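Please look over the sequence and the model below before reading on. The text then goes through selected parts in turn.

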Amino acid sequence: MSTGADLKAREGDIPSDNMTQEQSFKKGFCSLRHGLAFILHLCNFSIYTQQMNLSFAITAMVNTTVASSQLNASTERPPTNSQDVWNETLQESKAPVYDWTPEIQGILLSSLNYGSFIAPIPTGYVAGVFGAKYVVGLGLLISSVLTLFIPLAADAGVALLIVIRVIQGMAQVMVLTGQYSLWAKWAPPQERSQLITIAASGSMLGTFLVLIAGGLICQALGWPYIFYIFGGIGCACCLLWFPLIYDDPQNHPFISTGEKRYITCSLAQEDCSLGWSLPIKAMVKSLPLWAIVVSYFCEYWLLSTVMAYTPTYISSVLQANLRDSGILSALPFMFGCVCIILGGLLADFLLSRKILRLVTIRKLFTAVGVLVSSGILLPLPWVRSSRSTTMAFLVLSSVFASLCDSGALINFLDIAPRYAGFLKGLLQVFSYLAGGIAPTVAGFFISQDSEFGWRNVFFLAAAIDVVGLLFYLIFSRAEVQDWAKEPTFTHL
């Protein structure tokens, strides 16, 4: 593998007559690295549709009439005509319906995360050592194939369905974690924000499409086709992934000489090669790394709460039927998808024009994203009588929260690009931890008091998010840390 000194030597050997050609690769989207970003966008899109499809399909897989009556009893409001029509439509479909209790439904929905706590760190480490191409590609293929078999597993029994969901969750972690090892070798520092946000926006687009199309698919074709369609899309993405994606620019057969030289020279100051050992002690003592860890946990607390309970809030508080609830729930994710990309472009613009330093950009985007997105959720309980105002607040919260994707959420690539895969796996553990705790706490508050419970949920999420922001603003850095430059000195 090439060392940092070798790359610097290559940078000095670039002939002057090739500089113009190299400069042309700094602009525009017609480059192989942007093609990688768009393919990863499709992969993230596919993974998130597979994560969300059961959350929506389960409303059609169980007795929706009973579920609707329980919901209306808890909110003490009569059912709407549109809800009754929707339930009758689902009952007329030929898709099977199961007698799953609420406890079984909860286990099925959460089983996707059972293996997620142990998979990220090994996945990130293996992707960093052996390369991310086959780690990500294999994870996408396994998850997509298992999605196709979910309807059969549901007929076979709950136990088999849980096993499939657990394996599927671990495969999805391979995709979501392993891809960051690619960016350590493909993303020039001045384009890092836009490339990663282009790829990451696929998650928002996938969530949006499932919410807006899930109800229509259930009504027109039956709930099994949610799994057939999105599982098939994932398999199609694999056909793009394996022949077109390589672990680094040096080995890609289709990359131009100019783009390869541009990426190599841009990363000359960063040693992206990962050995078999890790500086564990130095990582534990690193306050900039802890700043990112704390920020991840706190930001994902709010994000997990919003993702888990937005459909419930819209259906129970705003009294929307299942189909309308899906469409309304999709709006924040649609705007968030666009704004993630725009935020990345803005961050790279400020950096390339030297308007702001990198550390200032990371802190500014994180501060604005956290303060506005969490603050705008606080008045939601007082505007519940207005559906348009509530939706406007939810959309604005998603828009500003997307700025964090160009802030703290990619800061680990700035301080230690060499260990990008491993650190992303570590951060994923804390994000899954927040995702496991936050919805449970929210459910406790709501069950205690349906009126004041929502207020407590939003206040607690905002408070945790702001505490994480303060810690991040004090201790975060954006330069490569010393422990990420040294060879290795503490064995794993």
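The paragraphs below deal with a helix, the salt bridges around it, the annotated spans and a surface patch.

The model is predicted. A convenient place to begin is helix α11, which covers residues 192-220. At 1.5 Å a residue, its 29 residues should span 42 Å, and the end C-alpha atoms are 42 Å apart, so the expected and the modelled lengths agree. The helix nevertheless has a bend of about 40° at Ala-213. Of the 29 residues in α11, 23 are buried, so the helix is largely enclosed by the rest of the structure. After α11 comes Gly-222, which has a positive phi, near 105°.

Ser-193 belongs to α11. Ser-193 has a relative accessible area of 2%, and because buried means under 20%, Ser-193 counts as buried. In sequence, Ser-193 and Gly-407 are separated by 214 residues, yet their C-alpha atoms are 8.6 Å apart in space.

How many salt bridges does a search of the whole structure find? The search finds four. One of them involves Arg-192 and Asp-414, with the closest N and O atoms 3.7 Å apart. Asp-414 sits in helix α19 (residues 412-415) and Arg-192 in helix α11, so this pair ties together parts that are 222 residues apart in sequence. Asp-414 and Arg-192 are both buried.

Salt bridges with shared partners also join Arg-33, Glu-191 and Glu-259 into one network. Between Arg-33 and Glu-191 the closest N and O atoms are 2.5 Å apart. This pair links distant parts of the chain: Arg-33 is in helix α3 (residues 32-61), while Glu-191 is in the loop between α10 (158-186) and α11, 158 residues away. Are the two partners buried or exposed? Arg-33 has 0% relative accessibility and counts as buried; Glu-191, at 4%, also counts as buried.

The side chain of Arg-33 meets that of Glu-259 as well, in a salt bridge of 3.1 Å from N to O. Here Arg-33 in helix α3 is paired with Glu-259 in helix α13 (residues 257-266), so the contact ties together parts that are 226 residues apart in sequence. Both Arg-33 and Glu-259 are buried.

The next topic is annotation. An unreviewed UniProt entry lists several spans under "transmembrane region", including residues 195-217, 389-413 and 452-475. Two of these spans can be set beside the model. Residues 452-475 are 100% helix and 0% strand, with end C-alpha atoms 35 Å apart. Residues 389-413 are 60% helix and 0% strand, and their end C-alpha atoms lie 38 Å apart.

The last topic is the surface. Which residues form a nonpolar patch there? The patch consists of Phe-117, Ile-118, Met-170, Leu-433 and Ile-437, which together have about 410 Å² of accessible area. Phe-117 lies in the loop between α6 (102-110) and α7 (120-130). With a relative accessible area of 35%, Phe-117 is classed as partly exposed, because that class lies between the 20% limit for buried and the 50% limit for exposed.

Note on methods
Residues are numbered from 1 along each chain as its sequence is written. This is a predicted model: local features need pLDDT of at least 70, side-chain atom pairs count only at pLDDT 80 or more; totals for chains, interfaces and linings use all residues. Side-chain values use heavy atoms; hydrogens and water are left out. Patches are made of residues with over 30% relative accessible area and no salt bridge: like charges are joined within 9 Å, nonpolar side chains (Val, Leu, Ile, Met, Phe, Trp, Tyr) within 5 Å. Accessible areas come from the Shrake-Rupley method with a 1.4 Å probe; for residues, only the protein chains shown count as cover. Helices (H or I, at least four residues) and strands (E, at least two) are DSSP runs, numbered from the N terminus. Buried means under 20% relative accessible area, exposed over 50%, partly exposed in between (1.4 Å probe, protein chains only). The expected span of a helix is 1.5 Å times one less than its number of residues. The bend at a residue is the angle between axes fitted to the seven residues ending there and the seven starting there. UniProt positions are given in the numbering used here, feature names are shortened, and annotations may be inferred rather than shown by experiment.
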